[in-house]
Amino acid sequence: MSCNVHSPALPDCARATLAAMDIPDLQKRLRSFAAERSWQPYQTPKNLAMAMVVEAAELLEIFQWLTPEESLRIAEDPLKHQHLGEEIADVLLYLLQIADHTGVDVAAAVERKLGLNAIKHPAL
């Protein structure tokens with residue numbers, strides 16, 4: 001049985017894949033993807049950050065005219081939910097490329113930031 005990650009509902013096999021996401025491998029795949037298309041000259045941190053902001057705006061556009069309650073129910077519409085996932089993936093992929101091109105260890109940066117947030121915003 002194959003894993004159809006293109007279906008609107010995320011199958012269990014895709015959930016398992018995402019739970020075990022290998023960031024360095026993803027970054028390697030993104031480098032290869034860019035190299036196969038001769039995109040390296042354009043893959044600067046500045047350009048990647050600008051592209052990521054464009055993708056973040058596309059993510060925001062999904063919610064633009066929804067009420068807060070409607071935004072909480074977006075998963076009820078399979079097509080909107082799939083589109084949401086695609087835009088989240090676009091933002092994430094650009095973030096991973098920015099980190100890769102600037103030498104930021106994503107896992108270490110996330111752990112450090114979570115610790116700083118816990119200090120800045122202590123539990124009640």
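Leu66 counts as partly exposed in this predicted model, because its relative accessibility of 26% falls between the limits of 20% for buried and 50% for exposed residues. Leu66 is placed in the loop that runs between H3 and helix H4, the latter spanning 68-72. When neighbours within four places in sequence are left aside, the contacts of Leu66 are with Ser71 and Ile74.

Ile74 leads on to helix H5, since Ile74 is also listed among the contacts of Leu84, a residue found in that helix. Leu84 is buried, its relative accessible area being 11%, and the limit for that class is under 20%. Beyond its neighbours within four places in sequence, Leu84 is in contact with Leu59, Ile62 and Phe63 as well as with Ile74; Leu59, Ile62 and Phe63 belong to the stretch 45-63 that forms helix H3. A further relation across the sequence is that between Leu84 and Glu58, which are 26 residues apart along the chain, while their C-alpha atoms are 9.2 Å apart in space.

The setting for these residues is a chain with six helices and zero strands, so that its pattern, read along the sequence, is α-α-α-α-α-α. Of the contacts in the chain with a separation of 6 or more, 65% are between residues 24 or more positions apart. Buried residues make up 15% of the 124 residues, and the accessible surface of the chain comes to about 9500 Å², with 63% of that surface belonging to carbon and sulfur atoms.

How are two packed helices described? The description uses the angle between their axes and the distance between the axes. For H2 and helix H5, the latter comprising residues 78-102, the angle is about 90° and the axes are 10 Å apart, which means that H2 is roughly perpendicular to H5. On the H2 side, the residues that meet H5 are Ile23, Leu26, Gln27, Leu30 and Arg31, and their counterparts in H5 are Leu93, Leu96, Gln97, Ala99 and Asp100.

Two of these H5 residues can be followed further. Gln97, which has its place in helix H5, is buried with a relative accessible area of 10%, and, leaving aside its neighbours within four places in sequence, Gln97 is in contact with Leu30, Gln43 and Leu48. Leu30 is one of the H2 residues that meet H5, whereas Leu48 falls within the 45-63 stretch of helix H3. Asp100, for its part, forms a salt bridge with Arg31, and the closest N and O atoms of that pair are 2.7 Å apart. Because Asp100 lies in helix H5 and Arg31 in helix H2, the pair ties together parts that are 69 residues apart in sequence. Both partners are partly exposed, with a relative accessibility of 24% for Asp100 and a relative accessible area of 41% for Arg31.

A search of the whole structure finds three salt bridges, including one between the side chains of Arg37 and Glu36, with an N to O distance of 3.4 Å. In that pair Arg37 is partly exposed at a relative accessible area of 37%, while Glu36 is exposed at 63%. The side chains of Glu76 and Arg73 also meet in a salt bridge, with 4.0 Å from N to O; here Glu76 is exposed, with a relative accessible area of 60%, and Arg73 counts as partly exposed at 42% relative accessibility.

The loop between H2 and H3 deserves a separate look. Most residues other than glycine have a negative phi. Ser38, which has its place in this loop, has a phi near 55°, a positive value in a residue other than glycine. Tyr42 lies in the loop between helix H2 (23-36) and helix H3 (45-63) as well, and Tyr42 is exposed because its relative accessible area of 55% is over the 50% limit. Together with Phe33 and Trp39, Tyr42 forms a nonpolar patch on the surface, and the accessible area of these residues together is about 340 Å².

Methods:
Residues numbered from 1 in each chain as written. Predicted model: local features only at pLDDT ≥ 70, side-chain atom pairs only at ≥ 80, totals over all residues. Heavy atoms only, no water. Patch = residues over 30% accessible without salt bridge, like charges linked within 9 Å, V, L, I, M, F, W, Y side chains within 5 Å. Areas by Shrake-Rupley, 256 points an atom, 1.4 Å probe, with all protein chains shown as cover. Helix = DSSP H or I, 4+ residues; strand = E, 2+ residues; numbered from the N terminus. Buried < 20%, exposed > 50% of the residue type's maximum accessible area, 1.4 Å probe, protein only. Axes fitted to C-alpha atoms, helices over the stretch in contact; angles between N-to-C directions. Parallel < 35°, antiparallel > 145°, perpendicular 65-115°, else oblique. Contact = heavy atoms within 4.5 Å.
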